[in-house]
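Trainee: I have a model open in my viewer and would like to learn how to read it. Could you walk me through it?

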Amino acid sequence: MREGLLQLLKLQEVDKELESLEESKDKYPAEIDERQAEIDAAGQAMQEMEAEKAEWERKQRQSELDIESAKANLKEHEERFSVVTNNKEYDALQMEIEACKTALAEHESLLLTSLESIQNLEEGIEGEKNAFEETRQTQQERIDELQKQLDSMQELVDGVEARRTEVAGTIEKRLLTIYERRRGPRSKRVSAVRKGSCGTCFRQLPPQQRSEVRRCERIINCENCGAIMVWDEDSE
Ligand SMILES: [Zn+2]
């Protein structure tokens, strides 16, 4: 019986390993997703600026076309001076030319705004690019590491499971069934006595119970947490 209980403690240790492996297996994909989302978010500001820049470049091309046609328009009006025959026509033409010049100036000012915006955005994009690259590199390194661990995890799980089968094989069936059917986390099903207390919940064992656990004649459960009490070499 003592041997069986000691083996149960061992089994519990193996189960704890399995539990933490399973936990990592669940946790890593979520962490990978989270880190990928951070990379995407870091790239978003840059993408928005690129889109804005493209829009200003479109406006720049439009302004350049507008300037070209405004200039042609002005030239065409100026050429009409040679065919003006009286003052009235001259004044009218002068006014039209003023209007042409105003339109040209407006297009030129719009072009300037576009060029300035493009330059500002280019500087902004450069800054964002560096920040993005930094974030991407840090996150990607961790993602690769997690992925590598995740890939090798099944191998680890298989190894621990093989060890579990081995340990479980040494335990009397009745005892094993009691352990397996316990509710709650596997890490709290068996507990060694430590300094006269339950090693799991630290409740002091009454003296009589303590000696019963030590004698190992029947299964004693901790009155507080329900763990199967075991007396091992460190229980003295
Ligand atoms: Zn306890």
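Trainee: Where does H1 bend, and by about how many degrees?

Mentor: Before we look, keep in mind that this is a predicted model. H1 bends at Gln44, by about 30°. Its 78 residues reach 116 Å from the first C-alpha to the last, close to the 116 Å expected at 1.5 Å a residue.

Trainee: How should I think about the sides of a helix, and which residues of H1 are buried?

Mentor: Here is the general idea: an α-helix has 3.6 residues a turn, so residues three or four places apart point the same way. In this model, the buried residues of H1 include Leu5, Leu8, Leu11, Gln12 and Asp15. Gln7, Met49, Ser63 and Ala70 are buried in H1 as well.

Trainee: What do the buried residues of H1 pack against?

Mentor: They pack against two helices, H2 (87-169) and H3 (173-181), and against the strands S1 and S3.

Trainee: Is Glu68 buried or exposed?

Mentor: Glu68 sits in helix H1. It counts as exposed because 11 other C-beta atoms lie within 10 Å, and the cut-off for exposed is 12 or fewer. You can also look across to Glu96, which is 28 residues away along the chain: the two C-alpha atoms are separated by 17 Å.

Trainee: Let's turn to the strands. What is their order in the sheet?

Mentor: The order is S2-S1-S3, in an open sheet of three strands with mixed pairing. S2 (197-198) and S3 are the edge strands, each pairing on one side only. H1 packs on this sheet, where it touches S1 and S3, and its direction makes about 110° with that of S3.

Trainee: Which pairing is parallel and which is antiparallel?

Mentor: S1 and S3 run parallel and are joined by three bridges. One place to look is Val190, which stands opposite Ile228 in S3. S1 and S2, on the other hand, pair in the antiparallel sense over two bridges, and Arg194 has Ser197 in S2 as its bridge partner.

Trainee: How many residues of S1 are buried?

Mentor: Four of its five residues are, which leaves S1 mostly covered.

Trainee: Which residues touch the most other members of the largest nonpolar core?

Mentor: Leu8, Met229 and Val230 do, in a core of 17 residues. H1 (2-79), S1 (190-194) and S3 (228-230) are the elements that give two or more residues to this core. For a closer look, pick Met229: leaving aside its neighbours within four places in sequence, it is in contact with Ser191, Val193, Cys198, Val213, Ile220, Asn221 and Cys222.

Trainee: My last topic is backbone angles. What is the phi of Lys195?

Mentor: The general rule comes first: most residues other than glycine have a negative phi. Lys195 is not a glycine, yet its phi is positive, at about 50°. You will find Lys195 in the loop between S1 and S2, a hairpin with two residues between the strands. Lys195 is exposed, since 10 other C-beta atoms lie within 10 Å.

Trainee: Where does Phe202 lie?

Mentor: Phe202 lies in the loop between S2 and helix H4 (207-215). Its phi is near 70°, again a positive value in a residue other than glycine. With 13 other C-beta atoms within 10 Å, Phe202 is partly exposed.

Definitions and conventions. Residues are numbered from 1 along each chain as its sequence is written. This is a predicted model: local features need pLDDT of at least 70, side-chain atom pairs count only at pLDDT 80 or more; totals for chains, interfaces and linings use all residues. A nonpolar core is a set of buried Ala, Val, Leu, Ile, Met, Phe, Trp, Tyr and Cys residues joined through C-beta atoms within 7 Å. A residue is buried if 20 or more other C-beta atoms lie within 10 Å of its own, exposed if 12 or fewer, and partly exposed in between; C-beta atoms are placed from the backbone. Two residues are in contact if their C-beta atoms, placed from the backbone, lie within 7 Å. The expected span of a helix is 1.5 Å times one less than its number of residues. The bend at a residue is the angle between axes fitted to the seven residues ending there and the seven starting there. Two strands pair if DSSP finds at least two bridges between them. Axes are lines fitted to C-alpha atoms, for helices over the stretch in contact, and angles run from 0 to 180 degrees between N-to-C directions.
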